[in-house]
Amino acid sequence: MDADKHTCGRGPDSQFVELAVEVFTMLADATRVRLILALRDGELSVNHLADIVDKSPAAVSQHLAKLRMGRIVTTRQEGQRVFYQLENEHASQLVADAIFQAEHSLGGTPRHHHHHQTNEGS
């Protein structure tokens, strides 16, 4: 297992630590987190995303440009419309894990543990 952590770059001396911090910095914005959550189920247009996160299309476009630079989202153009989708599942998983961690900060048993316990009992 230790060899796996080292080859995957998950050790404390990993060359990817600084890049990981950049990813966290990229995700340290509520609108960008909401955009990632909205894109979990597939691609959406800027206007649709703007409706979902209750921001202007111009503001959403700026956030999406940053996520695209960070290689978190990709685009597909269809005529004049641009559709965004997640590059891979990792950003979505990071956001889900951050929300789970946030649930722990409220005390008690977080909702995600209730769901897990229910699934185990089935």
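Start at the loop between helix H4 (46-53) and helix H5 (57-69), which is where Asp54 is found. Asp54 has a positive phi of about 55° even though it is not a glycine. Keep in mind that this is a predicted model. Beyond that loop, the things to look at are a pocket with a volume of about 590 Å³, a nonpolar surface patch built from Val23, Phe24 and Leu94, and a salt-bridge network that links Glu43, Arg76 and Glu78.

**Backbone oddities**

- Most residues other than glycine have a negative phi.
- Asp54 goes the other way, with its positive phi of about 55°.
- Asp54 is also exposed: its relative accessible area is 67%, and the exposed class begins over 50%.
- Arg71 is another case, a residue other than glycine whose phi is positive, near 60°.
- You'll find Arg71 in the loop between H5 and E2.
- Arg71 counts as exposed because its relative accessible area is 67%.

**Salt bridges**

- How many salt bridges does the structure hold? There are 2.
- One of them joins the side chains of Arg76 and Glu43, at 2.4 Å from N to O. Arg76 sits in strand E2 (residues 73-78) and Glu43 in the loop between helix H3 (30-38) and strand E1 (44-45), so this pair ties together parts that lie 33 residues apart in sequence.
- Arg76 also pairs with Glu78, side chain to side chain, at 2.9 Å from N to O.
- Put together, Glu43, Arg76 and Glu78 are linked in a network of salt bridges.
- Are the members of this network buried or exposed? Arg76 is partly exposed, at 33% relative accessible area. Glu43 is partly exposed as well, at 28%, and so is Glu78, at 45%.

**The largest pocket**

- The largest pocket has a volume of about 590 Å³. Its lining is made of 19 residues, and the closest to the centre are Leu19, Ala20, Val23, His90 and Leu94.
- Which helices each supply at least two residues of the lining? They are helix H2 (17-27) and helix H6 (90-104).
- H2 gives the largest share of the lining, with 6 residues.
- Sorted by class, the lining has 11 nonpolar, 5 polar and 3 charged residues.

**The nonpolar patch**

- Val23, Phe24 and Leu94 form a nonpolar patch on the surface, and together they have about 240 Å² of accessible area.
- Val23 belongs to helix H2. Val23 is partly exposed, with a relative accessible area of 30%.
- Val23 and Leu94 turn up twice in this briefing: they are part of the patch, and they are also among the residues closest to the centre of the largest pocket.

**The loop before H6**

- Asn88 lies in the loop between strand E3 (81-86) and H6.
- Asn88 is partly exposed, at 33% relative accessibility.
- Where sequence and space are concerned, Asn88 and Val73 are 15 residues apart along the chain and 8.0 Å apart from C-alpha to C-alpha.

Terms used. Residues numbered from 1 in each chain as written. Predicted model: local features only at pLDDT ≥ 70, side-chain atom pairs only at ≥ 80, totals over all residues. Heavy atoms only, no water. 1 Å grid on protein atoms, 1.4 Å probe; cavity = no way out; pocket = protein on both sides within 12 Å on 5 of 7 lines; lining within 4 Å. Points joined across faces, edges and corners; volume = space filled by probe spheres on them. Helix = DSSP H or I, 4+ residues; strand = E, 2+ residues; numbered from the N terminus. Nonpolar A, V, L, I, M, F, W, Y, C, P; charged D, E, K, R; others polar. Patch = residues over 30% accessible without salt bridge, like charges linked within 9 Å, V, L, I, M, F, W, Y side chains within 5 Å. Areas by Shrake-Rupley, 256 points an atom, 1.4 Å probe, with all protein chains shown as cover. Salt bridge = Lys/Arg side-chain N within 4 Å of Asp/Glu carboxyl O. Buried < 20%, exposed > 50% of the residue type's maximum accessible area, 1.4 Å probe, protein only.
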